[in-house]
Each structure stands twice: as C-alpha cells, then as structure tokens.
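Hi everyone, thanks for coming. Let's take a short tour together, and please have the viewer open so you can follow along.

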Amino acid sequence: MGKGFYISRPLGFVLCGLGIVAMLTIFSLSVVYTKEKRKNQVTAINETGMVTTAAPHTTPAPSNEPWDKYRLPDTLLPEYYNVTLWPRLVPDEQGMYIFTGTSGVALTCIKETNLIIIHSNKLNYTLTLENHHAKLTGLGGTSAPAILKTWFQTQTQFMVILLNEKLEVGKSYWLYMEFRGELSDDLAGFYRSQYTENGVKKVVATTQMQATAARNAFPCFDEPSMKAVFHLTLQHPPETVALANGMELGTESITIEDKKLLQTRFKPTEKMSTYLLAFVISEFTKIQSSEKTNVLIRIWGRKEAIESGQGDYALNVTFPILKYFENYYNTTYPLSKSDQVALPDFAAGAMENWGLVTYREQSLFYDPKESSNGDKEWVVTVIAHELAHMWFGNLVTMRWWNDLWLNEGFASYVSYLGADYAEPTWNIVSNIYIFNIFCHLPPVKVHKMNCLFSLEERSDGAATGSEGNYLHEYAYSNTVYTDLWKKLQEVADADSRIQLPASIKEIMNRWILQMGYPVVTIDTRTGNISQQHFLIHPEAVVEKPSDYNYEWFVPITWMKSGSNMGQHWLLTKTALYEPMKTGTDWLLANLNVMGYYRVNYDPQNWERLLTQLTTDHKNLNMIIHRAQIINITLALRTTKYLLKEKEYIPWESAIRNLQYFFLMFDRTEVYGPLQTYLRRNVQPLFDHFQNITSNWTQKPPRYMDQSNQINAISMACRTGVKGCSELTRMWYRQWMKNPDSNPIPPNLKNTVYCNAIAAGGVEEWDFGWQMFKKSTIAAEAGKLLYGLSCTKEPWLLNRYLEFTIDPKQVRKQDAAFAIVYISGNVIGQPLVWDFVRAKWEQITKDYDDGSFFFGRLIQGITKKFSTEFELKQPTASAHSSRPRLTLCRAVCDAVSLRKGNYKPDSKKVGTLYKL
C-alpha cells in the first residue's frame, strides 16, 4: 500500500471483530463454571480390556465444602504432567469417536489437606483394584496417604479424592489416572474436525482448551495460575502426523491390541497454563522455514491447500513478525519452533497455544489468485495478534480470567505494529487511528486497552520499554493488572521528559475500574470544559457505584484552525481553560482519536467545523480528522460534503456510522428519502471509480483506492445508483456461464456476490450454493456464505436457514455467521427470529461451544430490535429453554445494548425528508 492513512473495510471489521471476539470470550469465561453440563454416559470400554465407570451425577446443593466452590483450593500446586493420549479417528461399534489416555501429575502440598480436588469433565475413568478413580503415591521417598473415597462434582467439574490422612506441606506426590472420553465435534476440548480430500473423508483430532476445556481432555488443575510442565505422548495411525506444543523428540512404531500405531513423544513444554496446551493428529502436510532461521517455522494444513500455495504467505510473514516482537519486547522467543496449523473446523479466529498456534483456514491461508486485499490483511494481522501472545499472555499470564482484557487489549494494539513491520509499504500502523475511531463501542475493557496502550506509547512514552521489564520480572509466572502499572510507573519516573498529572495507577484505574468512558464537552465561547459519563441509552440509570464518581483523568489533544495546540489534562468534572476560548477559529479535540472518549462542542464551533468541511474539507489536513468529525456527530449534516470526498477513511467512517441508520430505518417510511439523499452523495464517487478504472476494467492504482472502490460499488448498489446493479449482475452472469473462470475482481467479490444474488432469483442462488460447496478456499467460501444471505426470496432464505443447522451443509463453526448474515437482510430478519425460536432447543443443544456461538448469534440477530415487544422476545425464549447461563448472559447483554436503539420520534423522523 502507498503512503497515507489506510485501512481496508474488511480489516476494519476484523479489528473491531478481534475486540468483539474477546468480549464474547470474556463474558463466557465469567459464567462458564456455572454452565449446565450434560450427564456423562455410562459406557463400558471393551477394546482396551479396562472396566470404566462414568462420573455419577451429583445434585448440587448450597454448601461451603471446597468441592462445591468454583475455584480450586490453594492447598496444592502441580509441577509437571505425564500425559499419553490415543484418539480413534474412526468410529467404534456404537458410532462414537473416542480417545483413551493416561495422566500422571506431580503435585506439591502447599497447605495441609486431606483432599485432592482436580478438574475433570466428560471423562470416564478406569477403576483401580481398590475401586477408586485414581492412584496416589509419594515422590522422593515420601509415603502417600491411602485413598478413602473418590467422587465427582458435576456442577463444579471436579474429581474429589478423600484421603485417610493429610498430605504434608512441602512434600510431593504422584496422582495417576486412566480414562476415556468422546472425540466429539463440539469444537471444544479434545475434538474432531473433518474434511474431504479426493472424495475421501479425513478426520482430524485437535484441541481448543481456552478457557476451561483442558479438563475435557485429561484431569488437570485447569486454572491459569496453575502453571506446570507438560510431557506429552500421542499415539496415532501410521498415515498421520502428531503435533504438540513442544518439538517432536521421536516417533516409533508400536502395536496395541493388534493395531499398528505410531507413538510420538514431545519435548517437555515450558512452564505454562493448561489453556495453552494443544495437540493435533492429522494427515496434514507442511511447508517450513529454511535452516537459516534460529526458530523453525512450519505451516500445516490440508494437502491440497498447502500444495496450491495457500500457506506461502503465512510462512513468509511469521518469522519476521516473531523477530520484530523479540526486539520490541527485548525478550528472546523461548521455544525452538512455532507451528501454525489451519483447521477446517475451529470456533475462534485463532488460538495462541504456545508453540502450536491454531487457526481457522481463513485466518492462515491466502490464495493470491482468488483472495482479496482484505483477506491478506486479515491473515497478517491475526498472525501478529497470536504471536504477540507468545510473550504477553503465554510467558506472563493473567492470574485469573478477570484480567483477560489486559492480554487481549495489548495483543490487539501490538498486532498493528507486527503487521506493519511485515508489510511496511501498507502503512498499516496508521490503522491504530482508524480503529480508535470505532473502538468506542459498548464499554468493554479490551477496546479500552487497545486505545489506552496506543495513547500511553504515543502520548507520553511511558509504555516504551516497560513491557520488556515486565516480561523479564514475571516470566513463567502470573500477574494482575497492577503489576503492569508498576512497571509503567518505573519507566515514567526514570524519564524526566514524561510529565503526568498523577501516578499511572491513579490515571489508569479510572479507565479500567469504571464502566464506559466520558464524553468531553468543550465550549469555545467560554473556554469551559466538562465531562460526563457517556451512555448509549440516555435514559438509563447507572446503578453500579464508582469509587471515582464516573470521572476520568482525560488527556485532551487539540488543534485550532489547523495548528496543533498540544495537550491539556482534564482532571475534574468541569474546568476552565482559557486557550480553548477560540473566538472565530474552529477547534478540534482528541487528535488522531488517540483518547478513549467522545467529544462534543458548542453549536457555534460545530457550525465552524461543518462549514470548513463543506467549503474546504482538505484544509482539515489529515484525512483522519475528516473521518473523526463524521464519526463524532452521527449527524447526516456532516455527510453532505461527501459529494467532494474521494479518500477512503472518511468514506469508511461515514458508511460505518450510516449502518445504524440502515438498521433502524430500512423498515420505515423514511428509508426512501434516506436512500435518495445518500444516492446523491455516492454518485460522484461511483463515477470517479468508473473513470479511473476505465469503465471497471482495471484495478485502481492506489492501494487505499482499491478498498474505497468497494465502498463506492457497495453504497451505490444499496442506494440505487443507476448502472450499479447491472454491473454486478453482468460479472456474476459471466461467471455462471464459465464456472471454472471467475471474472469478478477478488476485492469486489463480497459486494458483487451479494448484489447479484439479491437482484437475481433461484438460478443465481443455486449457482452460488454450488460454488460454496465446491470451494476449497476458506476465504472464498466465506464470501459466498455472506452473498447467499442477500436474496430477496423468502423461501430461499428459509431453505438457507435450514441448511445452517445441518453440519453436512454448513460447518458448525460457520452456522452463527450465516444466521446473522440472513438477519441483516430486511426480508430475512423476521424469518430468522421465527426460525431461531422454532429451533431453540436444537440450537441450544447442538451448538453450545461454551464461548462463541451464543454471543455471535444473539448479538447479531437482535441488532434491529428496538421496541419493547421485540426486546421481550429473546428473554422469554431464553427462560423457556433449559437453564444455561452462557445463553442467559448473551441474551441479557443483547437486550441491554438494544435498549439504546432508536425509538421512533415523529419530529426527528420528519427532518430526514428535508435532506
């Protein structure tokens, strides 16, 4: 990409998506311990010759017993595990895919106790000769107490071992268990993925442990602070390869029960948390870095994808990003290899397992012939995000999940830096600014931290260098967020150039420990500045008190008529700052949108800004400032100047904010006037790109223009610009005539697929569906998944909805996305809600991955909800289903957010007719 401020539209969604994914993870983590678990099935395991028993169901009752609490007691610490697992990649006689395993853990007694409480979920255990589920012995000459009783607490997911005597403080013991579990397709724990290659079904055994699913794979102390070393051995079919966090130490042929297998042992891991453990058994192939690199980089995936070059780009950027972070953190990457694996089925976008990072195929693979610029940006940004975690999250880990926002916020911020290093011509670091424009979403800490880290490092420099000190001091251990504040403070104290109005802790706690953020109002007539708690729903009553009275220490950067005026701190509710009494000059605050706050002005200053924007918008010399004004007001008046605008960022800002108008008005009487007004504004942009591309036959020369071309065509088709629909249908028809040669420019596929299918009928839809089923490129399949949701035929949408919950038609990982896409269609929205209510029990039973599905689904399909009647419906449906707190939390969050949606007001609606 050429110089300038640029972010592609797809990447913009990705960056906000990263934050939203973190939000969904956070709320699921906070309630996952109270999630209802299905009863374990009692099944005999004949093939191993071992008698097993399922964990008996225990009815929970109010109790102060340690096994009824959701946190592990502080009596024991794991030192290391020896784990051996054998997944079956073919079903047994009952049609189940299973795995068997053995696990031993060396644990040290910290406080006297006669109880061993260890996590276990959905595992069946082999009974010992004494009829217990585990065996305990002493280490280093220590004698172990006898086991009196073992049982399971299903509600808290614990195996409980009662001893006849107390363990001794400082002594170590060995706890050994044999077990089996189901290798299900639920995308959590130790699960199975599958794909078809040359007509043959291939099964992959893989993992997703975050947040609390390591206990589904083997018994363990499954909390972030319970770090240990893991010695892994995997047994697998001869035609497969086994991967784990550590490097392979060796593979040997073995025979078990007359079955020939391979047994692969791995180098012990570093001391780490259970949620970062990973292993994959598959028929994947790889490409790898040269011997010149001191860290082995390997990209793994389906043979067809690797051989067609889809992994090449990931291989090219992984090592440079890894080396960049070594320098940035001033800390050497502690492992000998970094495996990146693309999985056909994966709930998240990617997972930062230490040494074995797992991805959706769309997040790791890039096809230069078929994929778009946005796809490429997505890949490099996600890789950078996950590699950032190798230090910030893996080497140093939060003590408990309530500080997950710190890991994700920091990784989101530095992912721009790593991606910018790998692709310096894109100037992707400027995306920090554009993301900050849109990171003022509902108050979520991960968004705050992305903005605040950006502010810290670029405003006062306190962040620079502090991360390395932090990592060195707390390597291989756990921290709380205040530990980072201490390191930031040390750097600030040592640099006289850094002048802060209070300590780092005092400043940051106001942003972290209070809900939301402020809106700062500047009155240029008097120089008065004030702050107020910003609320999406203005009439909402904030019931949660704050020790800081919902006041913040706000760093205000500002300019006057184009001249940078430096920074001023607002430390109180109101203050007088004479320099901001500007007279006839316009004032713009929060430059580059570096602060996590909104800005409002007196009416006269707004008029001066709008006049400047409409008469000489280029005098607001930085493109980002034009986008900022559009975003701040959410007022259609600020979009009038777009008739003259040709740059990407202002248009991207305008379109993102206009999405809210489309959501609220596309079913009302004002939608027609709104379309007419926007059609006038986008017509010059559409004509501009038609000219510079020689009537759509060439690619725009500037990189950022290639993304703005997407905006031009998308908005033109949406508002009915003459020639736009015909253009997309022409391209799509050409493809239908020759399915083996797609003439649609990769950057425009998303827009063309949607608009062509919307303008067409069953023939266009069926062709798109056939291409979706045939696609071997994940990014291409994703575009078709979206495009198919755009049809205007209700019966096609209903058929598509039925496909979404059939894993043979749409992968489970994509089901929520497809349903949400359909709900974004004005015709599909009521169909989706009827469908979800009718299929509620099936959906909650088959699609509960414990982290992502319900958040994506409920947040997505309620976007248009605004009336009291609409808001009551999801709550009623959630209450009618069997209790599941992840679902209830998703519904409550969605309903709370949608209460701030537009409520019809005849006076305000009337103003739209005057545009």
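How many bridges join strand E26 to E27, and do they run parallel or antiparallel? Before I answer, please keep in mind that this is a predicted model. Now the answer: strand E26, residues 554–560, is joined to E27 by six bridges, and the two run antiparallel. To see one of these pairings, find Met-559, whose bridge partner in E27 is Asn-564.

Let's zoom out a little. These strands belong to an open sheet of three strands, in the order E27-E26-E29, with antiparallel pairing. At the edges sit strand E27 (563–570) and strand E29 (587–589), each of which pairs on one side only. If we ignore direction, neighbouring strands of this sheet are turned by 25° against each other on average. And a reminder for the newcomers: strands of a sheet pair through backbone hydrogen bonds, either parallel or antiparallel.

Next, please scroll back to strand E7, residues 147–153. This strand is mostly covered, with five of its seven residues buried. Its antiparallel partner is strand E8, residues 158–167, and six bridges hold the pairing. Across from Thr-150 you will find Ile-161 in E8. Together E7 and E8 make a hairpin with four residues between them, and in that turn Gln-157 has a positive phi of about 60°.

Now for some helices. Is H22 largely enclosed or largely open? Ten of its twelve residues are buried, so the rest of the structure largely encloses H22. Among those buried residues are Lys-812, Asp-814, Ile-819 and Val-820. We can check the length of H22 (residues 812–823) too: at 1.5 Å a residue, its twelve residues should span 16 Å, and the end C-alpha atoms are 18 Å apart, which agrees.

Let me finish with two asparagines. Asn-711 lies in helix H16, residues 703–719. Why does Asn-711 count as buried? Because its relative accessibility is 1%, and the cut-off for buried is under 20%. Its side chain makes a polar contact with the side chain of Glu-652, at 3.2 Å.

The other one, Asn-509, is in helix H11, residues 504–512. Asn-509 is buried as well, with a relative accessible area of 6%. Leaving out residues up to four places away in sequence, Asn-509 touches Tyr-481, Trp-485, Gln-514 and Tyr-548. Take Tyr-481: it is 28 residues from Asn-509 along the chain, and their C-alpha atoms are separated by 9.8 Å.

That's my tour, so please ask away!

Terms used
Residues numbered from 1 in each chain as written. Predicted model: local features only at pLDDT ≥ 70, side-chain atom pairs only at ≥ 80, totals over all residues. Heavy atoms only, no water. Buried < 20%, exposed > 50% of the residue type's maximum accessible area, 1.4 Å probe, protein only. Polar contact = N/O pair within 3.5 Å; in protein donor to acceptor, adjacent residues only side chain to side chain. Expected span 1.5 Å × (residues − 1). Pairing = 2+ DSSP bridges. Axes fitted to C-alpha atoms, helices over the stretch in contact; angles between N-to-C directions. Contact = heavy atoms within 4.5 Å.
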